[in-house]
Amino acid sequence: MSTATAVGLRCRECGTEYADNPINVCEHDFAPLEVVYDYAGAKKLLTREQISKRAFNMWRYRELLPEQEPVSGFNTGGTPLYHAKHLGERIGGFKKLYVKFDGVCVPTLSFKDRVVAVSVARAKRFGFDTVGCASTGNLANSVAAQAAQAGLKSVILIPKSLERAKVVNTQVYGAKLIKVDGHYDDVNRLCAEIANDAKIGIVNVNLRAYYAEGSKTMGFEVAEQLGWKAPDNVVVCMAGGSLINKLNKAFKEFAQLELLEAEPHCRFWGAQATGCNPITDAIKRKSDLIKPVKEPNTIARSIAIGNPADGYFAARLCLDSGGGGDDVSDAEIVQGMRLLAETEGLFTETAGGVTVATFKKLAEAGRINPDETTVLCITGQGLKTMDALMEPGVLPEAPVIKPSLSAFKDLKIA
Ligand SMILES: *Cc1c(COP(=O)(O)O)cnc(C)c1O
Ligand SMILES: [Zn+2]
């Protein structure tokens with residue numbers, strides 16, 4: 001028993017219980033393991049009054065996390081929920097549209113800081129001196145930064161074709177960065193072998209059960225920011241499909257602790273890029289059978305996972321909650337990034353463009369009721385994927401003029 005309220009691990013399929021350990025699958029059926037909590041104990045400790053006394057960051061919900069004492073990510077979470085009035089008007093009639101903006105999550109400007117804060121604390125508790133990850137970019141940035149904060153070494157494996165900003169934002173923290181000649185799924189397979197062989201706490205492999213719990217804090221914050229209510233609809237982009245499931249778990253746990261005004265009835269809408277859409281492809285077939293995408297090809301590299309670990313659960317959640325999903329082209333992704341920037345003044349990376357563009361598509365098809373509350377989960381920062389907007393012809397060429405008023409007037413702007 002490691003903390004007051006997190007009491008071990010349990011298999012999501014057969015229910016076999018395990019003590020806290022750096023393991024992520026059940027030895028009987030290889031199904032994923034999940035952290036188990038003492039909810040009765042948590043309910044006594046985690047009241048609205050108690051929460052409101054704490055700083056506005058992810059640790060204010062610590063009784064529902066596997067770690068209660070951060071060793072990194074001290075101010076992670078606590079990101080703004082914006083009422084997206086202009087975007088709602090532009091799409092047409094959405095008066096209760098919100099954007100949860102993790103593009104300003106610290107320290108590395110994506111929601112991955114939430115999962116890493118939990119898993120680095122756990123790695124330290126297990127006695128690892130090195131942490132690592134298989135990453136499409138944002139996780140790399142966050143593990144590198146938070147290892148530095150916690151005084152641990154880090155080893156980061158990425159597919160060799162990642163955005164320059166994601167590479168720089170990993171190496172600057174002193175991480176050992178390794179580029180693998182392959183797609184994310186090759187990197188992930190290699191990391192599974194490394195986790196079996198070396199004494200490295202790989203946050204999304206042998207520490208995955210703990211890691212994934214950090215995502216719940218995005219859902220806790222949304223519910224609190226909406227006045228202790230779950231939204232009617234959530235739109236979220238999916239990579240491995242973990243975040244979307246943990247948002248659902250967050251609303252359920254808040255209901256279990258009687259922190260919500262009403263039972264949650266949230267519809268989950270999953271978003272992917274058409275160039276890597278294993279989960280939305282299944283959802284559109286009304287199936288939970290994931291057909292892996294062998295050659296992902298999209299500018300949304302941070303969510304380009306061809307064989308998603310939690311794809312089955314994500315597809316089931318979207319279908320069973322009365323939501324659904326769709327995917328969008330690279331051109332639509334760029335339009336989505338620009339639409340959010342032009343209407344709300346928020347710059348998101350390609351993955352956020354996927355979320356906005358998919359929302360637009362679902363809304364225009366009449367699939368999301370504009371009278372309901374809808375939250376778009378914007379998971380990353382636009383400054384990291386500027387490559388997508390720097391292609392010729394995407395943004396206008398800025399005119400260069402002589403420093404004279406007449407030259408300015410010649411432009412006939414105002
Ligand atoms: C990792 C990531 C996601 C989604 O991750 P899941 O694997 O589905 O939990 C979404 N957006 C961004 C920017 C990411 O880096
Ligand atoms: Zn099992």
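**Exercise 1. The ligand 1 site**

Which side chain has an N or O atom 2.8 Å from an oxygen atom of ligand 1? Work out, too, which backbone atoms join in and how much of the ligand is covered.

*Solution.* Keep in mind from the start that this is a predicted model.

Step 1. Begin with the side chain: the residue is Lys112, with an N or O atom 2.8 Å from an oxygen atom of ligand 1.

Step 2. Turn to the backbone. Ala239 places a backbone N or O atom 2.9 Å from a ligand 1 oxygen, and a polar backbone atom of Gly241 is also 2.9 Å from an oxygen atom of ligand 1.

Step 3. Now ask about cover. On its own, ligand 1 would expose 390 Å², and the protein buries 96% of this area.

Step 4. Widen the view to the surroundings. Ligand 1 is surrounded by 15 residues, and the closest are Lys112, Gly240, Gly241, Leu243 and Thr379.

**Exercise 2. The zinc site**

Find the protein donors of the zinc ion (ligand 2) and describe their spacing along the chain.

*Solution.*

Step 1. List the donors: the SG atoms of Cys11, Cys14 and Cys26, together with two OD entries from Asp29. These donors lie 2.3 to 2.4 Å from the zinc ion.

Step 2. Read the donors along the chain, and the spacing comes out as C-x2-C-x11-C-x2-D.

Step 3. Compare two of the cysteines. Cys11 counts as buried because its relative accessibility is 3%, under the 20% limit. Cys14, with a relative accessible area of 41%, is partly exposed.

**Exercise 3. Two loop residues that touch**

Locate Thr79 and Asp102, decide whether each is buried or exposed, and trace their contacts.

*Solution.*

Step 1. Place them. Thr79 sits in the loop between helix H2 (48–53) and strand S4 (81–83). Asp102 is found in the loop that runs between strand S5 (97–101) and helix H4 (112–126).

Step 2. Check accessibility. Thr79 has 2% relative accessibility and so counts as buried. Asp102 is buried as well, with a relative accessible area of 0%.

Step 3. Follow the contacts, leaving out residues up to four places away in sequence. Thr79 touches a set of residues including Phe56, Asp102, Arg114 and Glu221. For Asp102, the partners include Thr79, Phe111, Arg114, Met218 and Thr379.

Step 4. Look for a polar link: the side chains of Thr79 and Arg114 are joined by a polar contact of 3.2 Å.

Step 5. Finish with a distance along and across the fold. Thr79 and Phe56 are 23 residues apart along the chain, and their C-alpha atoms are separated by 8.5 Å.

**Exercise 4. A lysine on helix H4**

Which backbone oxygen does the side chain of Lys124 reach?

*Solution.*

Step 1. Lys124 lies in helix H4 and is partly exposed, with a relative accessible area of 39%.

Step 2. Beyond its neighbours within four places in sequence, Lys124 is in contact with Val71, Ala150 and Leu152.

Step 3. The oxygen belongs to Ala150, and the Lys124 side chain reaches it at 2.5 Å.

Step 4. For a C-alpha distance in this region, take Ala147: it is 23 residues from Lys124 in sequence and 9.8 Å from it in space.

**Exercise 5. Helices H10 and H12 and the loop before H12**

Describe how H10 is built and covered, then show what covers the buried residues of H12.

*Solution.*

Step 1. H10 (residues 242–256) has 15 residues and spans 21 Å between its first and last C-alpha, close to the expected 21 Å. Of these 15 residues, 13 are buried, and the helix is mostly covered. Just past its end, Glu258 takes a positive phi of about 55 degrees.

Step 2. In H12 (residues 311–320), the buried residues are Gly311, Phe313, Ala314, Ala315, Leu317 and Cys318. Their cover includes H10, strand S11 (267–273), helix H11 (278–284) and strand S12 (324–328). After H12 comes Gly322, with a positive phi near 85 degrees.

Step 3. Ser287 belongs to the loop between H11 and H12. With 17% relative accessibility, Ser287 counts as buried. Its side chain reaches the backbone nitrogen of Leu289 at 2.8 Å. Setting aside residues up to four places away in sequence, Ser287 touches Ala282, Ala315 and Leu319.

Key:
Residues are numbered from 1 along each chain as its sequence is written. Chains are lettered from A and ligands numbered from 1 in the order in which they are written. This is a predicted model: local features need pLDDT of at least 70, side-chain atom pairs count only at pLDDT 80 or more; totals for chains, interfaces and linings use all residues. Side-chain values use heavy atoms; hydrogens and water are left out. Helices (H or I, at least four residues) and strands (E, at least two) are DSSP runs, numbered from the N terminus. The expected span of a helix is 1.5 Å times one less than its number of residues. Buried means under 20% relative accessible area, exposed over 50%, partly exposed in between (1.4 Å probe, protein chains only). Contact means heavy atoms within 4.5 Å. Donors are N, O and S atoms within 2.8 Å of the metal (3.2 Å for Na, K and Ca); water is not among the atoms, so sites may look incomplete. A residue is near a molecule or strand if one of its heavy atoms lies within 4 Å of it. A polar contact is a pair of N or O atoms within 3.5 Å; within protein, one must be able to donate a hydrogen and the other to accept it, and residues adjacent in sequence count only if both atoms are side-chain atoms. Accessible areas come from the Shrake-Rupley method with a 1.4 Å probe; for residues, only the protein chains shown count as cover.
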